[in-house]
Amino acid sequence: MDLIKNAIRDIPDFPKPGILFKDITPLLSSAEAFKETINVLTSRYADKKIDMVLGVEARGFIFGAALAHALGAGLAVIRKPGKLPYKTYEKKYTLEYGEDAIQIHQDACQAGQRVLLIDDVLATGGTMGAAISLVKENFEVELVEVSFVIELDFLNGKDQLQGVPSYSLVHY
């Protein structure tokens, strides 16, 4: 896990003063660290019979695609409005200063599938909480777990996960 944690770069005052941003781009550019990240996640889910991995915009797509491939599962994406070309379901959610929304294709999941949601960072949990609601409200699937590369424990994002089990590789 040290290899993964050491590949994450701190960027002070981004995107605004007072924020210490956890930058995963060095992890992605390191073949060894990226491979280790996917290997750890694959080991965790190898025996869980995951049918569908749902990657959350946008960095969740990166980890989701690699993990879905390694697990032999399908991949679907959860995106901001207006980015998906087919019929969608939408979930609006509240941010600190306003509102946002996410969408998923209406045919992204089939009834009875075992589904894993993935994103790069669990911060306040708003986006993943909305993603969980989006899936629960529109699909008859089993949400096996939500997964993150990084969890910022001090922001208590787990409180937004509606009791769905979660796993994070690295904690700050």
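**Exercise 1. Find which residues Pro81 touches, leaving out those up to four places away in sequence.**

Start by placing the residue: in this predicted model, Pro81 sits in the loop between β4 and β5. Next, list its partners beyond that sequence window: Glu90, Ala101, Ile102 and Gln103. Then check a residue that is 61 places away along the chain, Leu20: its C-alpha lies 28 Å from that of Pro81.

**Exercise 2. Decide whether Pro81 is buried, partly exposed or exposed.**

Take its relative accessibility, which is 36%. Buried would need a value under 20%, and exposed one over 50%. Pro81 therefore counts as partly exposed.

**Exercise 3. Describe helix α4 and what covers its buried residues.**

First, the span: α4 runs over residues 59-71, and its 13 residues reach 19 Å from first C-alpha to last, close to the expected 18 Å. Second, pick out the buried residues: Gly60, Phe61, Phe63, Gly64, Ala66, Leu67, Ala68 and Leu71. Third, look at the cover, which includes the helices α2 and α3 along with the strands β3, β4, β7 and β8. Finally, step past the end of the helix to Gly72, where phi is positive, near 70 degrees.

**Exercise 4. Characterise the largest pocket and its lining.**

Begin with volume: the largest pocket holds about 1300 Å³ of space. Of its 33 lining residues, Arg59, Val121, Ala123, Thr124 and Thr127 are the closest to the centre. Now go by element: β2, β5, β6, β7 and α5 each give two or more residues to the lining, with the largest share, four residues, coming from β7. Sorted by character, the lining has 19 nonpolar, five polar and nine charged residues.

Terms used
Residues are numbered from 1 along each chain as its sequence is written. This is a predicted model: local features need pLDDT of at least 70, side-chain atom pairs count only at pLDDT 80 or more; totals for chains, interfaces and linings use all residues. Side-chain values use heavy atoms; hydrogens and water are left out. The expected span of a helix is 1.5 Å times one less than its number of residues. Buried means under 20% relative accessible area, exposed over 50%, partly exposed in between (1.4 Å probe, protein chains only). Contact means heavy atoms within 4.5 Å. On a 1 Å grid over the protein atoms alone, a cavity is a set of points where a 1.4 Å probe fits but cannot get out, and a pocket is an open set with protein on both sides within 12 Å along at least five of seven lines; lining residues have an atom within 4 Å of a point. Grid points are joined across faces, edges and corners, and a volume is the space filled by probe spheres set on the points. Ala, Val, Leu, Ile, Met, Phe, Trp, Tyr, Cys and Pro count as nonpolar, Asp, Glu, Lys and Arg as charged, and the others, Gly among them, as polar.
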